[in-house]
Amino acid sequence: MREKIIQGPHPDDDDHESEPSRSTKPTDAVEEKLRPQRLSEVIGQRSVAERLSIALAAARKRNEPLPHILFDGPPGLGKTTFATVLHNELGVELNITSGPALDKKMDVMPYLTNAVEGSILFIDEIHRMPKTVEEFIYPVMEDFRVDVVLGEGMSARTINLPLKKFTIIGATTRSGMLSAPLRDRFHMHEHLEFYDVPDLARIVTINAEKLKTTITEDAAWELARRSRGTPRLANARLRWVRDFATARADGQITLPIAQAALAMQEIDAEGMDKQDRRYLETLIRVFGGGPTGVEALAATMNLAVDTLDEEVEPYLLRRHYIVRTPRGRKATAAGYAHLGMVPPAPILETEITLLDQRRLFD
Ligand code: ADP
């Protein structure tokens, strides 16, 4: 089978900055060089990788396409990487598009009719696909056919167009926004978790080597600790620190160089950047620590709700700096402490009571 990648325009393509926004897919050559190509090169996400290796082996033995797979998780954790790896492992064609690019049924049609046997269609941000397009691809996913309506009114008739058997891989940062019928049509659902520090340190070390840069072990761990559990951020931090080392020193990344470079970008010891701290500051200083709705927070910060929901909040939630309550977002004692602030007494009391209750059941 032929091997090729066809990538449609990404809606964020105009959006380049030196430190990429966490949702912006960096598509430059260096980023592509750092992307693992085979399953054996993928670091972490062991159980996901293991299940995919089973799916791959079965597809190879039966000479069938892979099942439809849905990846979900915050940006930069490897959804596109896994799709690329699966395409490389099978040596099949990969077509890449995204939900916002598939505005009308006719936008998706060429991807369906051009799909060859066993190929992969990767739909990024699949939750942003309009309902009409979503419904249009149900029969594709079930029976490899599209139903096209010809004519209008009384003379309208539907023809069924058979398609080649291929695989749809969907990626989403908001699995909750996916309709149940669409979710159910994926045979495998894989949730990607934030990476732990040892895995990120391995990614940094391997990628420094790919970039032909020397990095000391303690510097690699420092970068890993300050990358918010996200390989894409680890890569972005590495590239910045590498530039800093070249400009200000002899090119070698040591711990003091890494620390100075990250301080210059205002990335703190926990890996939080300006945007994370602004979120916490707004929640605490403007909204008295919450609870407050994400819309109010986004309006005050002059950011899109999606940016907070998809990029900022998942890691703050994971670090327990904030909690989601039915009445909105709330800062925790740890969130206050991160800004060097003392939480008001009621928060401390609630958290201590919760801790006591937990101990009772331990
Ligand atoms: P997503 O599609 O989830 O937004 P990507 O797959 O584009 O994220 O990952 C961003 C970058 O992070 C990749 O280019 C790759 O260099 C790195 N990366 C992601 N997952 C892994 C992994 N498991 N092992 C090594 N590097 C990874």
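In this predicted model, a polar side-chain atom of E31 is placed 3.2 Å from an oxygen atom of the ligand. The side chain of T81 also has a polar atom facing a ligand oxygen, at a distance of 2.6 Å. For Y195, the partner is a nitrogen atom of the ligand, which lies 3.0 Å from a polar atom of the side chain. The ligand taken alone exposes 560 Å², and 98% of that area is buried by the protein.

The ligand occupies the second largest pocket. Three elements, α1 (29-34), α3 (79-90) and α9 (231-248), each give two or more residues to the shell around the ligand. In total, 19 residues surround the ligand, and those that come nearest are I43, G76, K79, T80 and T81. By residue class, the shell consists of 9 nonpolar, 5 polar and 5 charged residues. Both domain 1 (4-191) and domain 2 (197-264) take part in the shell, with at least three residues from each.

Two features of the backbone were also noted. Most peptide bonds are trans, and most residues other than glycine have a negative phi. The bond between G290 and P291 is a cis peptide bond, with omega of about 5°. P291 belongs to the loop that runs between α11 (274-286) and α12 (294-301). N63, which is not a glycine, has a positive phi of about 55°. The loop between α2 (46-62) and β2 (69-72) contains N63.

Note on methods: Residues are numbered from 1 along each chain as its sequence is written. This is a predicted model: local features need pLDDT of at least 70, side-chain atom pairs count only at pLDDT 80 or more; totals for chains, interfaces and linings use all residues. Side-chain values use heavy atoms; hydrogens and water are left out. A residue is near a molecule or strand if one of its heavy atoms lies within 4 Å of it. A polar contact is a pair of N or O atoms within 3.5 Å; within protein, one must be able to donate a hydrogen and the other to accept it, and residues adjacent in sequence count only if both atoms are side-chain atoms. Accessible areas come from the Shrake-Rupley method with a 1.4 Å probe; for residues, only the protein chains shown count as cover. On a 1 Å grid over the protein atoms alone, a cavity is a set of points where a 1.4 Å probe fits but cannot get out, and a pocket is an open set with protein on both sides within 12 Å along at least five of seven lines; lining residues have an atom within 4 Å of a point. A molecule sits in a cavity or pocket if more than half of its atoms lie within 2 Å of its grid points. Helices (H or I, at least four residues) and strands (E, at least two) are DSSP runs, numbered from the N terminus. Ala, Val, Leu, Ile, Met, Phe, Trp, Tyr, Cys and Pro count as nonpolar, Asp, Glu, Lys and Arg as charged, and the others, Gly among them, as polar. Domain bounds come from an automatic or database domain assignment.
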